[in-house]
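Me: Please take a close look at a single part of this model. I would like one connected account of that part and of what surrounds it.

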Amino acid sequence: MSNQQRAIILGLAVVMVVSACGSSTPGVAATLTPTAPTASPAAAQRTPSSGPSAAPSGGASPRHLHATVDLVFSGWRAAAAKGTAGACLLTPLPDGSQGFLFNASSSDYPALGTGVMIQEVAGHAAILNWFIGSGIGYTNRGGAAITVSTDHLTATLDLDLLPVHSQATVAPGPEHAKGTVTCA
């Protein structure tokens with residue numbers, strides 16, 4: 001297991017423990033709308049607001065970019081995240097190239113839960129971690145990979161998600177995620 005994989009798993013575990021302490025119960029159907037667009041330069045320069053920061057260190061600094069989000073979650077918790085909220089970065093990968101990273105939290109999309117993270121891990125493939133709350137989350141780790149464009153600016157997904165939950169909580173049902181996140 002690589003150091004990057006260890007960092008992602010550790011970050012996921014920390015977020016899941018923090019989520020388990022929350023008392024929110026996810027709704028059955030939610031439409032996620034951003035609280036405020038991140039079109040201002042100050043908002044575009046902010047750091048990710050949730051999820052683990054598992055980006056490996058490298059020679060270059062992260063590049064903060066504007067996100068355009070069009071994601072639909074279906075299954076147990078049907079939700080749509082559409083807009084320009086969230087943090088979009090190009091972060092250094094171990095080989096020195098820049099990789100895709102997107103984070104959004106409940107302050108970006110209120111009904112999202114704790115947050116969502118899409119991170120390029122290698123070879124134009126990425127993982128998604130969706131932290132709903134109350135110790136419940138979903139990931140594609142161990143399943144189908146998310147495709148990242150050759151310029152590392154767009155993540156495209158259409159895949160089933162696997163439940164991730166604390167030992168005290170059981171994920172209530174299957175989830176599917178479809179859509180794109182584009183950084184510019």
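Reply: The account below follows one strand and then its surroundings.

The model is predicted, so local features are given at pLDDT of at least 70 and side-chain atom pairs at pLDDT 80 or more, whereas totals for chains, interfaces and linings use all residues. Residues are numbered from 1 along each chain as its sequence is written, and side-chain values use heavy atoms, without hydrogens or water.

The part chosen is strand β12, residues 175-183; strands are DSSP runs of E, at least two residues long, numbered from the N terminus. Its side chains alternate between two faces. Glu175, Ala177, Gly179, Val181 and Cys183 point to one face and are buried, buried being under 20% relative accessible area, exposed over 50% and partly exposed in between (1.4 Å probe, protein chains only). His176, Lys178, Thr180 and Thr182 point to the other face and are not buried.

Cys183 belongs to the 1 disulfide of the structure, a disulfide being a pair of cysteine sulfur atoms within 2.5 Å. Its partner is Cys88, and the two sulfur atoms are 1.7 Å apart. The torsion about the S-S bond of Cys88 and Cys183 is about -55°, which makes the disulfide left-handed. The pair links distant parts of the chain, since Cys88 lies in strand β5 (residues 87-92) and Cys183 in β12, 95 residues apart. Both cysteines are buried.

Strand β12 pairs with β3 and with β11, where pairing requires at least two DSSP bridges between the strands. Strand β3 (residues 67-75) runs antiparallel to β12 and is joined to it by 9 bridges; within that pairing, Leu71 stands opposite Gly179. Strand β11 (residues 154-165) is also antiparallel to β12, over 8 bridges, and there Leu157 has Gly179 as its bridge partner.

Thr154, a residue of β11, provides a side-chain link to β12. Its side chain makes a polar contact with that of Thr182 at 3.4 Å; such a contact is a pair of N or O atoms within 3.5 Å, within protein one able to donate a hydrogen and the other to accept it, with residues adjacent in sequence counted only if both atoms are side-chain atoms. Beyond its neighbours within four places in sequence, Thr154 is in contact (heavy atoms within 4.5 Å) with residues including Phe100, Thr180, Val181 and Thr182.

The loop between β11 and β12 contains Ala168, which counts as exposed because its relative accessibility is 77%. The C-alpha atoms of Ala168 and Gly135 are separated by 7.9 Å, although the two residues are 33 apart along the chain.

On from β11, the pairing continues to β9, which is joined to β11 in the antiparallel sense by 4 bridges. In that pairing, Thr139 has Leu162 of β11 as its bridge partner. Strand β9 (residues 136-139) is covered on both faces: Ile136 and Tyr138 on one side, and Gly137 and Thr139 on the other, are all buried. This contrasts with β12, where His176, Lys178, Thr180 and Thr182 are not buried. Strand β8 (residues 125-133) also pairs with β9, antiparallel over 4 bridges, with Trp130 opposite Tyr138. The hairpin of β8 and β9 has 2 residues between the strands, and Ser134 takes a positive phi near 50° there.
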